Amino acid sequence: MDLTLKIWRQANVDEDGKIVNYSISDVSPDMSFLEMMDMHNEQLINKGEDPVAFDHDCREGICGMCSMFINGEAHGPDRLVTTCQLHMRKFKDGDTIVIEPFRANAFPVIKDLAVDRSAFDRIQQAGGFISVNTSGNTQDANAIPIEKHDADKAFDAATCIGCGACVASCKNASAMLFVSAKVSQYSLLPQGKVEATDRVLNMVKQMDEEGFGNCTNTGACEVECPKGISLENVARMNSEYLYASLKG
Ligand code: SF4
Ligand code: FES
């Protein structure tokens, strides 16, 4: 396939960025999107030009690093996949592909397509954990009976990989889907109920301080989430937050 790539180039957070047009030839439909980007970067390097900066690590849909906004959609046109799992067979010969970073005030551009998502780390650090005794006599988690329905829902919430597609897809740049997945992952389990009140209050406080917008129930986040995280988690977090606020 021969393609036209329109890629956002930005030297750093302080400089203005712009879309730059490139042509690329002989792209195999069996390549992953990131392999196509690697091929493009090799061509830029061979010409003595600056390669396009983009995040990636596992390349198998686990780490959440590959953050690209492709033709107006986070992670591109496929469903329930990350950018690294997107294949070029989803495009056709002669296509123009617009590639941008995940845009949000809380995700400043580091360079080109790489954005700083450390705001997510700070939200996680504010409460996304349980306190356990690690002195050597820790109770085996499997010894605690958990209702199957709750275990399944907690597991589904725990599949959030923190990619930020929900934020990039939201007109308000809201992080509610991400934060609600992290809150739900623990609040549904007995081990997480002990610190549930502080957790939801602290994580929501940090989310607001980071500058993410509020949720207006549009649902774009749920559509673009590569892990199928449900809006039901946002409803659960809202109810947990209300309860925790009243409890004081
Ligand atoms: S909720 Fe989905 S889109 Fe948002 S960070 Fe988690 S995996 Fe990514
Ligand atoms: S590179 Fe790890 S999820 Fe895409």
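Guide: A helix here is a DSSP run of H or I with at least four residues, a strand is a run of E with at least two, and both are numbered from the N terminus. The structure is a predicted model, in which local features need pLDDT of at least 70, side-chain atom pairs count only at pLDDT 80 or more, and totals for chains, interfaces and linings use all residues. Residues are numbered from 1 along each chain as its sequence is written, while chains are lettered from A and ligands numbered from 1 in the order in which they are written.

Visitor: Which helix gives the most to the shell around ligand 1?

Guide: Helix H5 does, with three residues. The shell holds 14 residues, of which Cys 160, Cys 163, Ala 165, Cys 166 and Cys 225 come nearest; a residue is near a molecule or strand if its C-beta atom, placed from the backbone, lies within 6 Å of it. Two elements give two or more residues to this shell, namely helix H4 (165-169) and helix H5 (176-187).

Visitor: What makes a residue of the shell around ligand 1 nonpolar, polar or charged?

Guide: Ala, Val, Leu, Ile, Met, Phe, Trp, Tyr, Cys and Pro count as nonpolar, Asp, Glu, Lys and Arg as charged, and the others, Gly among them, as polar. On that basis the shell divides into eleven nonpolar, two polar and one charged.

Visitor: Why is Thr 96 called exposed?

Guide: A residue is exposed if 12 or fewer other C-beta atoms lie within 10 Å of its own, buried if 20 or more do, and partly exposed in between, with C-beta atoms placed from the backbone. Thr 96 has 11 C-beta neighbours inside 10 Å and therefore counts as exposed. In the protein chain, buried residues make up 37% of the 248 residues.

Visitor: What does Thr 96 touch?

Guide: Leaving aside residues up to four places away in sequence, Thr 96 touches Thr 4 and Lys 6. Contact requires that the C-beta atoms of two residues, placed from the backbone, lie within 7 Å. Thr 96 itself lies in strand S5 (residues 96-100).

Visitor: How do you know that S1 and S5 pair?

Guide: Two strands pair if DSSP finds at least two bridges between them. Strand S1 (residues 3-9) and S5 are joined by four bridges and run parallel, so the criterion of at least two is met. Leu 5 stands opposite Ile 97 in S5. S3 and S5 are joined by two bridges and run antiparallel; Phe 69 has Glu 100 in S5 as its bridge partner.

Visitor: What makes strand S2 and strand S4 edge strands?

Guide: Strand S2 (18-24) and strand S4 (73-74) each pair on one side only. The open sheet has five strands in the order S2-S1-S5-S3-S4, with mixed pairing. Strand S3 (residues 69-70) pairs with S4 in the antiparallel sense over two bridges, and Ile 70 has Glu 73 in S4 as its bridge partner.

Visitor: How do you know where domain 1 and domain 2 begin and end?

Guide: The bounds come from an automatic or database domain assignment, which gives domain 1 (3-111) and domain 2 (118-247). Their C-alpha centres lie 29 Å apart. The contact between them takes 18 residues from domain 1 and 16 residues from domain 2. On the side of domain 1 that touches domain 2, the residues divide into ten nonpolar, six polar and two charged.
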